[in-house]
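Got a minute to walk through a protein model together? Have a look first, and then we'll talk.

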Amino acid sequence: MAFMVSDELLGTFVPIVVYWVYSGLYVVLDGKAMDKYRLHTRAEEDVKNIVSKATVVKGVLIQQAFQIAVSLSLFAIISDDNGTVKPQPSLLVMVMQFMVAMVVMDTWQYFIHRYMHLNKFLYKHVHSKHHTLVVPYAFGALYNHPLEGLLLDTVGGALSFLFTGMTPRTGIFFFSFATIKTVDDHCGLWLPGNILHVFFSNNSAYHDVHHQLYGSKYNFSQPFFVMWDKILGTYMPYSLETRKEGGFEARPIKKDN
C-alpha cells in the first residue's frame, strides 16, 4: 500500500525544509571566494551582529514551530469533512492566484512591519530582535520575536492563502517561493546572475538598507515588491558601490525632502 502524504501536510512542512536547504546552500558556499559578493565584510558581521548564530537557529526553529501549529489548525478548520480533495484550477488561474497572493502578503507585511517601527513599545520589545542582525545572513531571515513571526509571517501567509482561494497544493509552491525570496533578501550577498533580481527590485541590497541605522525608517516593503514604499514615501533609493576591500555596499542616495 502506497504511503500518501496530504497536500496540507506538504504545504506545512515543505516550505520549512526549503528554508533550511536554501539557506544551507549559502552556508556551504560561504568561503573566501564569496567575499567579493558580500554587502558587508566579515569583520562588520562579527562586530555589528550582537546575537550568536546558535541563538538565531534556535529562534527560527521556535518561529517555525508556531508556524506549523497555525498552519495545521487552519487546514483542520477549512478541510472538507468528507476528505474530498479540492481540484486544481487551470494554470492561468494559479498564476493569477500567485500574483494576488503576493500583493496581499506585501500589503499586510508592509503595514504591520512599518507599525512595528513606529510603535516604540513594539519595536523595543518585539521587532528589535530581528534588527539585532544588522548584517543579515540567509538562515537569519526568520529570526524574529515569536509574536512578530505570528503576526507578520504566519497571519500574512494565512490571509494570502484564504483571500485567493488557492488549494493546499498551490500553497506548497507559493509558500516555498515566498520562503526562497525571503531567504534571498537576507542573504547579505549581491550575486551575479541572480534571477530574482531580474524580476524584483526588492532584493538583498534593498533590504540591507533597511537593516542599517540610516534606513530604519525606509524600505519596509517585503518580500516581493516595493510599491508601498514608493506610494507612501518610505522608499530610499541606493547605489550599489564596490568597496576597496572587496565586495559591495548599498549606499543610500539622499532624498530631496
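What follows is a chat between a visitor and a guide about this predicted model.

Visitor: How many helices and strands does the chain have?
Guide: Read along the sequence and you meet the elements in the order α-α-α-α-α-α-α-α-α-α-β-β. Tallied up, the secondary structure comes to 10 helices and 2 strands.

Visitor: What is the radius of gyration of the chain, and what would a compact globule have?
Guide: The chain has 257 residues, and for that number a compact globule would come out near 18 Å. The value for the chain agrees with that, being 19 Å.

Visitor: What box do the C-alpha atoms fill?
Guide: Picture a box laid along the principal axes of the chain. The C-alpha atoms fill roughly 65 × 40 × 35 Å.

Visitor: Which share of the contacts is between residues 24 or more positions apart?
Guide: Take the contacts in the chain with a separation of 6 or more. Residues 24 or more positions apart account for 68% of them.

Visitor: Which part of the exposed area comes from carbon and sulfur atoms?
Guide: The chain exposes about 13,400 Å². Of that area, carbon and sulfur atoms supply 69%.

Visitor: How far apart are the centres of the positive and negative side chains?
Guide: There are 21 positive side chains and 20 negative ones. Take the centre of each set, and the two lie apart by 7 Å.

Visitor: Which residues does the UniProt domain annotation cover?
Guide: The record is an unreviewed UniProt entry, and its label reads "domain: Fatty acid hydroxylase". In the model, the annotated span is 60% helix and 0% strand, with its end C-alpha atoms 25 Å apart. The annotation covers residues 98-234.

Visitor: Is Thr 179 buried or exposed?
Guide: Thr 179 is found in helix α7, which runs over residues 168-185. Leaving aside neighbours within four places in sequence, Thr 179 is in contact with Pro 15, Val 18 and Tyr 19. Its relative accessible area is 15%. Buried means under 20%, so with 15% Thr 179 is buried.

Visitor: And what about Thr 41, buried or exposed?
Guide: Thr 41 lies in a loop, the one between α1 (7-29) and α2 (42-48). Its relative accessibility is 18%. The cut-off is under 20%, so at 18% Thr 41 counts as buried.

Visitor: Which residues does Thr 41 touch?
Guide: Let's not count residues up to four places away in sequence. That leaves Thr 41 touching Arg 243 and Glu 245.

Notes
Residues are numbered from 1 along each chain as its sequence is written. This is a predicted model: local features need pLDDT of at least 70, side-chain atom pairs count only at pLDDT 80 or more; totals for chains, interfaces and linings use all residues. Side-chain values use heavy atoms; hydrogens and water are left out. Helices (H or I, at least four residues) and strands (E, at least two) are DSSP runs, numbered from the N terminus. The radius of gyration is taken over C-alpha atoms; the globule rule is 2.2 Å times the number of residues to the power 0.38. Contact means heavy atoms within 4.5 Å. Accessible areas come from the Shrake-Rupley method with a 1.4 Å probe; for residues, only the protein chains shown count as cover. Lys and Arg count as positive and Asp and Glu as negative; His and the chain ends are not counted. The place of a charge is taken as NZ of Lys, CZ of Arg, CG of Asp or CD of Glu. UniProt positions are given in the numbering used here, feature names are shortened, and annotations may be inferred rather than shown by experiment. Buried means under 20% relative accessible area, exposed over 50%, partly exposed in between (1.4 Å probe, protein chains only).
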